[in-house]
Amino acid sequence: MNSRKTIAVHDAATIHHIQWERMQDGDYARNYILPLMTEEPSRYVQNVETQLLALTIDDRIIPLTVNEAEYDNSYVCSPYTHYVSYAKEELDMLDSVLWKGLFTPLLSTLGGWMRVSQSNRMVIVNNWLLSTNLYHEMTAEDAEWITELCVERFPRHIVAFRSVCRKLCPDFYDGLQRVGYILIPSRYVYLFHPDWPAQGKWRVRNTLGRDRQLLERSDYRILSHEELGEEHAERIVGLYNALYLDKYSQHNPQFTPEFIRLAMQKKTLTLIGLEKDGRLDGILGYYQRNGVMTTPLFGYDTSLPKKTGLYRMLSSLLVREAERQGILLHQSAGVGAFKADRGAVGEPEYTAVYVQHLPVHRRAIWQVMAFLLQRIGIRMVEKYKL
């Protein structure tokens, strides 16, 4: 391998040796990673128990989580939660008794096999404890170097990368395959670039225009990041919880007021709110990396009538931010029909797992999961636009 690369793993005792000013997005990484390394991560994401370390490779710094079992963790640290617990809940979204009857016992069997195979004994690289992990520019060679270091440092752990999307990181994606990673479909995500509607159908441009008009004609005032204060932290958590925990799943990351305060003070997320009559009714929080932005924090008052259109207005604000900066918007998964109508393009996203250094009884399940999800899972998501 090329000897020019400098790569290391740091814990809380050595993290201060890092020369942050020389790192890409060094201030951001320090503001985000240090609190989670020097305190319990659960102070910021309530349903996450993990050891958080920092991996440096040349001028990039990447968080790394280490787990043993922790089957009740959010899916951001637990493949068991992602592929079994969360998947069982998503079956309720399908209007098919046949599918539910077929897949419920299959998921239970899979869950038992995952536990026996110790599939939660895993090191996840570039894990920011968010629904979507954006990547620095990564090469095929990076995949080789990182894998070798992690196998040496954690010989009994699976090595994994979440949020791997070929469209966003083609060279790195190919490098992971060449090293020997198994690519397990995890979600079907939607990508949007401001230039695409201009090249597409009139109907898409018209739909985006109606969303903008809804926002402009509403009584809501847009609050910038600087206008949001600590007095809003509890309300922001409540708005996010109402959508992502109460409506969807408790397995989503459970952000705490401390996480929101960190975002406010250090701008680890750029927050934008919708306020009416002195009451905050909608919130979004995005971050960006390597020409891509995504929104791990998104919520609104679900008790208000649907005709209020808060989801549409918040989505319009996101499109406006992508247009303003001229970057690609990663819209995560879910409500696929809504996003496709507004010009987003669906792409499969993967969890890449490396298990070649482990005993056979711990490797087999990943091959089976890759086969089943490639043949059945992704096709179902595409069909139902989940």
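This report describes a predicted model, moving from one strand and its neighbours to open and enclosed spaces, charged pairs and two backbone angles.

## Strand β4 and its neighbours

Strand β4 covers residues 122-125, and its side chains are divided between two directions, with M122 and I124 pointing one way and V123 and V125 pointing the other way. Which of these residues are buried or exposed? Both pairs, M122 with I124 and V123 with V125, are buried.

On one pairing, strand β3, made of residues 60-67, runs antiparallel to β4 and is joined to it by 4 bridges, and within this arrangement L64 stands opposite V125. In another pairing, β4 and strand β5, which spans residues 158-164, lie in the parallel sense and share 4 bridges, with I158 of β5 as the bridge partner of M122. Between β4 and β5 the chain passes through helix α4, residues 140-153, and the resulting β-α-β crossover is right-handed.

## The second largest pocket

The second largest pocket holds about 430 Å³ of space. Its lining is made up of 16 residues, and those closest to the centre of the pocket are K247, Y300, K306, Y311 and R312. Helices α8 (233-248) and α10 (310-325) each contribute at least two residues to this lining, which by class contains 9 nonpolar, 2 polar and 5 charged residues.

## Enclosed cavities

The structure has 3 cavities of 30 Å³ or more, and the largest cavity has a volume of about 100 Å³. The residues that line the largest cavity are L208, D211, R212, R312, S315, S316, V319, R320, E323, Q331, F338 and R342. Two or more residues of this lining come from each of α7 (202-217) and α10, and α10 gives the largest share, with 6 residues. Sorted by class, the lining of the largest cavity has 3 nonpolar, 3 polar and 6 charged residues. R312 is named both among the residues closest to the centre of the second largest pocket and in the lining of the largest cavity.

The second largest cavity contains about 50 Å³ of space, and the residues around it are Y75, S78, P79, H82, Y83, M122, I124, R162 and T351. Here the elements that supply two or more residues are α2 and β4, and the largest share, 3 residues, belongs to α2. This lining divides into 5 nonpolar, 3 polar and 1 charged residues. M122 and I124, which point one way from strand β4, are both part of the lining of the second largest cavity.

## Salt bridges

Side chains of opposite charge can pair when their charged atoms come close. In this model the count comes to 23 salt bridges. One of them joins R30 to D27, with the closest N and O atoms 2.7 Å apart, and both residues belong to helix α1 (residues 26-38), where they are 3 residues apart, about one turn of the helix. R30 has a relative accessibility of 31% and counts as partly exposed, and D27, with a relative accessible area of 48%, is partly exposed as well.

A salt bridge also links the side chains of E39 and R43, at 2.0 Å from N to O. E39 is partly exposed at 29%, and R43 is partly exposed at 38% relative accessibility. In the salt bridge between R60 and D59 the closest N and O atoms are 4.0 Å apart. How do the two partners stand in terms of being buried or exposed? R60 counts as buried because its relative accessibility is 6%, a value under the 20% limit, whereas D59 is partly exposed with a relative accessible area of 32%. R60 and D59 also belong to a network of salt bridges that links K5, D58, D59, R60, E141 and D142.

## Two positive phi angles

Most residues other than glycine have a negative phi. E70, which is not a glycine, nevertheless has a positive phi of about 45°. E70 sits in the loop between β3 and α2 (79-90) and counts as partly exposed at 23% relative accessibility.

N290 is another residue other than glycine with a positive phi, in this case near 55°. The place of N290 is the loop that lies between β9 (279-289) and β10 (292-300), and N290 is partly exposed, with a relative accessible area of 46%.

Key:
Residues are numbered from 1 along each chain as its sequence is written. This is a predicted model: local features need pLDDT of at least 70, side-chain atom pairs count only at pLDDT 80 or more; totals for chains, interfaces and linings use all residues. Side-chain values use heavy atoms; hydrogens and water are left out. Buried means under 20% relative accessible area, exposed over 50%, partly exposed in between (1.4 Å probe, protein chains only). Two strands pair if DSSP finds at least two bridges between them. A crossover is right-handed if, with the strands pointing away from the viewer, the path from the first strand over the helix to the second runs clockwise. On a 1 Å grid over the protein atoms alone, a cavity is a set of points where a 1.4 Å probe fits but cannot get out, and a pocket is an open set with protein on both sides within 12 Å along at least five of seven lines; lining residues have an atom within 4 Å of a point. Grid points are joined across faces, edges and corners, and a volume is the space filled by probe spheres set on the points. Ala, Val, Leu, Ile, Met, Phe, Trp, Tyr, Cys and Pro count as nonpolar, Asp, Glu, Lys and Arg as charged, and the others, Gly among them, as polar.
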